[in-house]
Amino acid sequence: MTVLENVMVGAFLHTRRREVAERRALEVLALTGLYERRHEEARTLPIAGRKRLEVARALATEPKLLLLDEVAAGLNPKEVEAVMALIRTLKESGVTILMVEHIMKVVLGVATRALALNFGRTIAAGTPEEVTRHPDVVRAYLGERRHA
């Protein structure tokens with residue numbers, strides 16, 4: 001399937017009319033930076049394009065809450081910046097985003113609240129800055145310094 005067809009699948013959640021689904025999909029592709037690649041087969045996209053396509057497919061369903069899992073994993077620094085800009089745009093449009101992410105630059109750059117887990121247990125919650133400075137987070141993820 002093409003990039004456009006992939007996104008139209010999500011748009012069909014709210015309509016049975018092809019022209020309505022296509023119009024919504026084209027809007028989402030413009031928002032996610034994939035419009036120029038709309039006629040390409042999705043499998044030809046590089047990793048960054050595929051991640052954007054995953055987001056685009058979800059956005060076509062017009063979610064109020066968008067779940068993102070490691071959306072920046074495997075991306076180079078320029079691609080990470082682009083995905084951060086996309087997330088900021090989505091937040092500004094009113095979409096609530098719940099994100100699992102290990103790249104701290106992304107967390108610090110886009111999150112308003114953060115939650116740190118250690119073996120499935122919450123060890124800190126608050127602003128990203130508060131969470132990254134929390135002693136339990138530092139201990140769990142960086143270890144304790146040992147004095148010789």
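## Ala73 and the loop after E1

Ala73 has a relative accessibility of 29%, so this residue counts as partly exposed; the lower and upper limits for that class are 20% and 50%. This is a predicted model, so please read each value here as computed from predicted coordinates. Ala73 sits in the loop that runs between E1 and H4. Setting aside residues up to four places away in sequence, Ala73 touches Lys51, Glu101 and Ile103. What separates Ala73 from Arg57 in sequence and in space? The two are 16 residues apart along the chain, and their C-alpha atoms are 18 Å apart.

The loop between E1 and H4 also holds Glu70. Although Glu70 is not a glycine, its phi is positive, at about 55 degrees. Glu70 has a relative accessible area of 18% and is therefore buried, the cut-off being under 20%.

## Helix H3

One of the contacts of Ala73, Lys51, is listed among the buried residues of H3. That list reads Ala48, Gly49, Lys51, Arg52, Leu53, Val55, Ala56 and Leu59. Which elements do the buried residues of H3 pack against? They pack against H1, H2, strand E1 (65-69) and H4.

The length of this helix is easy to check. H3 covers residues 47-59, which is 13 residues, and at 1.5 Å a residue the helix should span 18 Å. The end C-alpha atoms of H3 are 18 Å apart, so the expected span and the model agree.

## The largest pocket

If you are looking for a cavity-like region to explore, here is the largest pocket, with a volume of about 960 Å³. Its lining is made up of 27 residues. Nearest the centre of this pocket lie Met99, Glu101, Val107, Ala114 and Leu115; Glu101 is also one of the residues that Ala73 touches.

Several elements share in the lining, each with at least two residues: helix H4 (77-92), strand E2 (96-100), helix H5 (104-110), strand E3 (114-118), helix H6 (128-133) and helix H7 (135-142). Which of them gives the most? That is E2, with five residues. Sorted by class, the lining has 20 nonpolar residues, four polar ones and three charged ones.

## Around E3, E4 and H6

Phe119 belongs to the loop between E3 and E4. Is Phe119 buried or exposed? At 84% relative accessibility, Phe119 counts as exposed, because the limit for that class is over 50%. Phe119 also has a positive phi, near 55 degrees, in a residue other than glycine.

Thr127 is placed in the loop between strand E4 (121-126) and H6. With a relative accessibility of 29%, Thr127 counts as partly exposed. Leaving out neighbours within four places in sequence, Thr127 is in contact with Thr112 and Ala114, and Ala114 is among the residues nearest the centre of the largest pocket. Between Thr127 and Leu108, 19 residues apart along the chain, the C-alpha separation is 8.8 Å.

## Thr15, between H1 and H2

Back towards the start of the numbering, Thr15 lies in the loop between helix H1 (3-11) and helix H2 (18-32). Its relative accessibility is 14%, so Thr15 counts as buried. A polar atom of the Thr15 side chain lies 3.0 Å from the backbone nitrogen of Arg17. Apart from neighbours within four places in sequence, the contacts of Thr15 are with Val20 and Ala21.

Methods: Residues numbered from 1 in each chain as written. Predicted model: local features only at pLDDT ≥ 70, side-chain atom pairs only at ≥ 80, totals over all residues. Heavy atoms only, no water. Helix = DSSP H or I, 4+ residues; strand = E, 2+ residues; numbered from the N terminus. Buried < 20%, exposed > 50% of the residue type's maximum accessible area, 1.4 Å probe, protein only. Polar contact = N/O pair within 3.5 Å; in protein donor to acceptor, adjacent residues only side chain to side chain. Contact = heavy atoms within 4.5 Å. 1 Å grid on protein atoms, 1.4 Å probe; cavity = no way out; pocket = protein on both sides within 12 Å on 5 of 7 lines; lining within 4 Å. Points joined across faces, edges and corners; volume = space filled by probe spheres on them. Nonpolar A, V, L, I, M, F, W, Y, C, P; charged D, E, K, R; others polar. Expected span 1.5 Å × (residues − 1).
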